[in-house]
Amino acid sequence: MILVIGNKNYSSWSLRPWVAMKVLGIEFQEKRIPLYGPGAKEEILLESPAGKVPILIDGGVRVWDSLAILEYLAEKHPQMWPSGRPARAAARSICAEMHSGFPDLRNHMSMNVRKRYPGKGRAAEVLSEVKRINSIWSAAKGPFLFGAFSAADAMYAPVVFRFRTYEVAVDNRAYYDAMLALPAMKEWSAAAEREQESIPQFEPYG
């Protein structure tokens, strides 16, 4: 399988299936397309009709959108979701909530692994979303959200990096630390630090 991703410093959507496959030991080749550079859009369109990363290529099958990729992988690797129907339902619910929600967090605390913006991005609507995320993490059933690492943790992995960048207070520090301690998260972070590409970043709102 080939996973097409964007810049590791910025592409939160790419991180999700990448970290899930790394942690769960699913073999794949990585193809990185630097976003925002000349010809990037055209190169991505050659891989995905949606023109966005990530894209998973599995033989003649192409899957785009991070949550769709995780669901596709779960068909072959059931450990992608927690065991037990109630746990899977809860995991899918918080994944869908992350997938479609938290717009203010995305806008005011964009992912930038290399930077640190302590105290920035704390508009009232962002703090409301931070509170909701803290409540989800505080309900963790073990070192990860459902005990063992699952798709739910992969979906929230970019938020862990965001909270580190903006030095957001975390209620469940054990979960936050466990995520950052994952070798896959360390590998992604180190690669982001080595990247040379940069894009104009707005200064986060106060």
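Select I57 and R62 in this predicted model: R62, in β4, is the bridge partner of I57. Now widen the selection to the two strands, residues 55-58 for β3 and 61-64 for β4. They run antiparallel, and four bridges join them.

Next, show the whole sheet. The sheet is open and has four strands, in the order β2-β1-β3-β4. Its pairing is mixed. Colour β2 (29-32) and β4 as the edges, since each of these strands pairs on one side only. Looking along the sheet, expect an average turn of 20 degrees between neighbouring strands, with direction ignored.

Add α2, residues 40-47. This helix lies across β1 (2-5), β2, β3 and β4. To check its orientation, compare α2 with β3: the angle is about 40 degrees.

Finally, turn to the largest pocket, which holds about 600 Å³ of space. Where is its centre to be found? Select Y10, S11, W13, L35 and Y36, the closest to the centre among the 26 residues that line the pocket. Then display α1 (12-23) together with α2: these are the elements that give two or more residues to the lining. The largest share, three residues, comes from α2, the helix already seen lying across the strands. Colour the lining by class to finish: 13 residues are nonpolar, eight are polar and five are charged.

Conventions
Residues are numbered from 1 along each chain as its sequence is written. This is a predicted model: local features need pLDDT of at least 70, side-chain atom pairs count only at pLDDT 80 or more; totals for chains, interfaces and linings use all residues. Side-chain values use heavy atoms; hydrogens and water are left out. On a 1 Å grid over the protein atoms alone, a cavity is a set of points where a 1.4 Å probe fits but cannot get out, and a pocket is an open set with protein on both sides within 12 Å along at least five of seven lines; lining residues have an atom within 4 Å of a point. Grid points are joined across faces, edges and corners, and a volume is the space filled by probe spheres set on the points. Ala, Val, Leu, Ile, Met, Phe, Trp, Tyr, Cys and Pro count as nonpolar, Asp, Glu, Lys and Arg as charged, and the others, Gly among them, as polar. Two strands pair if DSSP finds at least two bridges between them. Axes are lines fitted to C-alpha atoms, for helices over the stretch in contact, and angles run from 0 to 180 degrees between N-to-C directions. Contact means heavy atoms within 4.5 Å.
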